[in-house]
Amino acid sequence: MEGFVRKAVSDKVTLIATDQYVGYKHLNRMFPHMTVDHMQGEYVRGEVHTQTLDSFWALLKRGIIGTYHNVSKKYLPLYLAEFQFRHNNRKNPDIFGEAIGGC
């Protein structure tokens, strides 16, 4: 997991917020890292929460199940890129213009 995180996360990140999953325990050696303990009913502590990531996965899941119904391993990176764009532009009032303008 460390190799993936090093590739996926910018070195300019100011905080990685996760839950207490044991696989994340070494992140604090690489990045500023804080956790919330869902097992103890803690979901938010100041700026530390996982709702942004949970929101992304919910958007992806609804898109795959509700719109595409199925995805193949071959095209999964394209689906992820589409939903990454949607999530990152979710507050953009001209998301359509942004999408077609990027061509």
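Visitor: What share of the 103 residues of the protein counts as buried?

Guide: In this predicted model, 19% of the 103 residues are buried, where buried means under 20% relative accessible area, exposed over 50% and partly exposed in between, with a 1.4 Å probe and protein chains only. Because the model is predicted, local features need pLDDT of at least 70 and side-chain atom pairs count only at pLDDT 80 or more, while totals for chains, interfaces and linings use all residues. Residues are numbered from 1 along each chain as its sequence is written, and side-chain values use heavy atoms, leaving out hydrogens and water.

Visitor: Why is N89 called buried or exposed?

Guide: N89 has a relative accessible area of 14%; the limit for buried is under 20%, so N89 is buried. N89 is placed in the loop between α3 and α4 (95–101). Apart from neighbours within four places in sequence, N89 is in contact with I95 and E98, contact meaning heavy atoms within 4.5 Å.

Visitor: What makes N70 buried or exposed?

Guide: The relative accessible area of N70 is 58%, and exposed requires over 50%, so N70 is exposed. N70 belongs to the loop between α2 (51–68) and α3. With neighbours within four places in sequence set aside, N70 is in contact with I64 and Y79.

Visitor: Why is the pair E2 and R29 called a salt bridge?

Guide: A salt bridge requires a side-chain nitrogen of Lys or Arg within 4 Å of a carboxyl oxygen of Asp or Glu. The side chains of E2 and R29 meet at 3.1 Å, N to O, so the pair is a salt bridge. E2 lies in helix α1 (residues 2–8) and R29 in the loop between β1 (16–18) and β2 (33–35), so the salt bridge ties together parts that are 27 residues apart in sequence. E2, at 33% relative accessibility, is partly exposed, whereas R29, at 58%, is exposed.

Visitor: How many salt bridges does the structure hold, and which side chains meet R45 and R86?

Guide: The structure holds three salt bridges. E42 meets R45 at 2.8 Å, N to O, and E82 meets R86 at 2.6 Å, N to O; both pairs satisfy the limit of within 4 Å.

Visitor: Why are R86 and E82 said to be separated by about one helical turn?

Guide: R86 and E82 are four residues apart in helix α3 (residues 76–88), which means a separation of about one helical turn. R86 is partly exposed at 34% relative accessibility, and E82 is partly exposed at 24%.

Visitor: What makes E42 and R45 count as partly exposed?

Guide: E42 has a relative accessible area of 22% and R45 one of 35%. Buried is under 20% and exposed over 50%, with partly exposed in between, so E42 is partly exposed, and R45 is partly exposed.

Visitor: How do you know which pattern the protein follows along the sequence?

Guide: Helices (H or I, at least four residues) and strands (E, at least two) are DSSP runs numbered from the N terminus. The protein has four helices and four strands, in the pattern α-β-β-β-β-α-α-α.

Visitor: What radius of gyration does the protein have, set against a compact globule?

Guide: The protein has 16 Å, but a compact globule of 103 residues would have a value near 13 Å. The radius is taken over C-alpha atoms, and the globule rule is 2.2 Å times the number of residues to the power 0.38.
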